[in-house]
Amino acid sequence: MAASQTLQLSSLNNVEILPIQVIDIEENKIQEPAVDEFDYSQRGQWLRAAVLGANDGLVSVASLMMGVASVKNDIKAVMVAGFAGLVAGACSMAIGEFVSVCTQRDVEISQMKREKRERSFESDENDEKLPNPGQAAVASALAFAVGAVLPLLAAAFIKQPKVRMAVVFVVASVALVAFGVVGALLGGTPVVKSSARVLVGGWMAMGTTFGLTKLIGIDHEMQI
């Protein structure tokens with residue numbers, strides 16, 4: 001009898017130990033992913049403004065220069081058109097980004113007021129998390145200018161029209177791939193997919209601008 005009672009007690013002890021071990025294992029599993037977690041959305045605001053601004057500047061000015069070059073061989077006309085595109089595009093990007101972020105900020109502030117009217121002591125902490133319209137506008141304008149100046153520098157010292165267009169196309173393609181890689185690395189997205197998407201989109205914009213401008217210039221005998 002004593003032996004049987006001893007066996008029963010030992011079996012009960014074993015049964016009680018198992019759930020504790022399972023709980024510990026489950027807690028470890030829950031806590032492990034937190035080590036490698038990184039919130040890429042924190043980079044979203046400035047990354048979006050910078051990458052989109054650089055891509056827009058590069059594609060817009062390169063396409064504009066190639067469009068003008070398709071109907072006019074004068075390097076002065078090409079460079080003036082490119083510079084005008086740089087200034088106009090940078091101003092447009094800055095204003096558009098400022099208005100967009102201001103609207104986003106107003107929406108977030110209204111939402112915070114509705115949800116936290118009785119917790120006004122947390123307003124200072126929440127204000128730090130709000131988007132900065134001025135910072136986003138400056139980032140967009142500078143990024144656009146950086147992207148737009150690349151095709152201008154590529155074409156500035158080349159006299160032959162066909163060589164000039166080829167160099168602008170090559171420089172723009174390389175820069176588009178570089179922007180795609182940088183954006184993918186900073187944003188944590190697939191590098192090849194992001195770069196290919198940016199490159200193909202730039203090619204489509206430059207090709208469409210060149211083809212349509214040349215077509216209109218030939219059909220209507222446009223003199224620039």
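Which residues form a nonpolar patch on the surface? Let's start there, everyone, and keep in mind that what we have on screen is a predicted model.

The patch is made up of F169, V170, V174, V200, W203 and M204. Taken together, these residues have about 560 Å² of accessible area. Two helices, α6 and α7, each give two or more residues to this patch, with α7 covering 191–219. If you'd like one residue to find on α7, try W203, which lies in that helix.

Now for what the record says about this part of the chain. UniProt, in an unreviewed entry, places the feature "transmembrane region" at several stretches, including residues 165–186 and 198–218. In our model, residues 165–186 are 100% helix and 0% strand, and the C-alpha atoms at the two ends lie 31 Å apart. Residues 198–218 are likewise 100% helix and 0% strand, with 30 Å between the end C-alpha atoms. The entry's other stretches are 46–65, 77–95 and 136–158.

Let's move inside. How many cavities of 30 Å³ or more does the model have? The count comes to one, and the space in this cavity is about 40 Å³. Its lining consists of M65, M66, A69, V78, A155, R164, M165 and V168. Helices α2 (44–69) and α6 (161–187) each give two or more residues to that lining. By type, seven of the lining residues are nonpolar, none is polar and one is charged.

So α6 is a good helix to look at on your own screens: it contributes to the cavity lining and to the surface patch. Thanks for listening!

Methods:
Residues are numbered from 1 along each chain as its sequence is written. This is a predicted model: local features need pLDDT of at least 70, side-chain atom pairs count only at pLDDT 80 or more; totals for chains, interfaces and linings use all residues. Side-chain values use heavy atoms; hydrogens and water are left out. On a 1 Å grid over the protein atoms alone, a cavity is a set of points where a 1.4 Å probe fits but cannot get out, and a pocket is an open set with protein on both sides within 12 Å along at least five of seven lines; lining residues have an atom within 4 Å of a point. Grid points are joined across faces, edges and corners, and a volume is the space filled by probe spheres set on the points. Helices (H or I, at least four residues) and strands (E, at least two) are DSSP runs, numbered from the N terminus. Ala, Val, Leu, Ile, Met, Phe, Trp, Tyr, Cys and Pro count as nonpolar, Asp, Glu, Lys and Arg as charged, and the others, Gly among them, as polar. UniProt positions are given in the numbering used here, feature names are shortened, and annotations may be inferred rather than shown by experiment. Patches are made of residues with over 30% relative accessible area and no salt bridge: like charges are joined within 9 Å, nonpolar side chains (Val, Leu, Ile, Met, Phe, Trp, Tyr) within 5 Å. Accessible areas come from the Shrake-Rupley method with a 1.4 Å probe; for residues, only the protein chains shown count as cover. A salt bridge is a side-chain nitrogen of Lys or Arg within 4 Å of a carboxyl oxygen of Asp or Glu.
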